[in-house]
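Work through the exercises below with the sequence and the 3D structure in view, and try each task before reading its solution.

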Amino acid sequence: SEASFGSVRDPSAGAQAEEILKEALNTHPRRFEIHLKLLEIYAKRKDLPAFDPVARELFAGFVAATGS
């Protein structure tokens, strides 16, 4: 089952979810779904400075994993 990672209505839940996801990303850097959840949080916040490095990391990891 998929966990819920906060909502736009509850910024503290979003911040808590962000921290959990960042920790998970450090532990499992090849789990692309973690990147996607973080990107979802940053996109909802319109936080480009946070979004950009995660998007670049996801893209680089995807290219490396697929050899594309």
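The exercises that follow concern a predicted model, and they deal with its nonpolar core and its salt bridges.

**Exercise 1.** Find which helices supply at least two residues each to the largest nonpolar core, and which of them gives the largest share.

*Solution.* Begin with the members of this core, which number 11 in all and include Ala17, Leu21, Ile34, Leu38, Val54 and Leu58. Next, place them on the helices: helix 1 (11–27), helix 2 (32–45) and helix 3 (48–66) each supply at least two residues. Finally, look at the shares, where helix 2 provides the largest, with five residues.

**Exercise 2.** Decide whether glutamate 18 is buried or exposed, and find its salt-bridge partner.

*Solution.* Glutamate 18 has a relative accessibility of 10%, and because buried means under 20%, it counts as buried. Its contacts beyond four places in sequence are Leu38, Ile41, Tyr42 and Arg45. With arginine 45 it forms a salt bridge, in which the closest N and O atoms are 2.8 Å apart. Since glutamate 18 lies in helix 1 and arginine 45 in helix 2, the pair ties together parts that are 27 residues apart in sequence. Arginine 45 itself is partly exposed, at 39%.

**Exercise 3.** Work out how far apart in sequence aspartate 52 and arginine 56 are, and what that separation means along helix 3.

*Solution.* The side chains of aspartate 52 and arginine 56 meet in a salt bridge at 2.8 Å, N to O. Both residues belong to helix 3 and are four residues apart, so about one helical turn separates them. Aspartate 52 is partly exposed, at 31%, whereas arginine 56 is exposed, at 56%.

How values were computed:
Residues numbered from 1 in each chain as written. Predicted model: local features only at pLDDT ≥ 70, side-chain atom pairs only at ≥ 80, totals over all residues. Heavy atoms only, no water. Core = buried A, V, L, I, M, F, W, Y, C linked by side-chain atoms within 4.5 Å. Buried < 20%, exposed > 50% of the residue type's maximum accessible area, 1.4 Å probe, protein only. Contact = heavy atoms within 4.5 Å. Salt bridge = Lys/Arg side-chain N within 4 Å of Asp/Glu carboxyl O.
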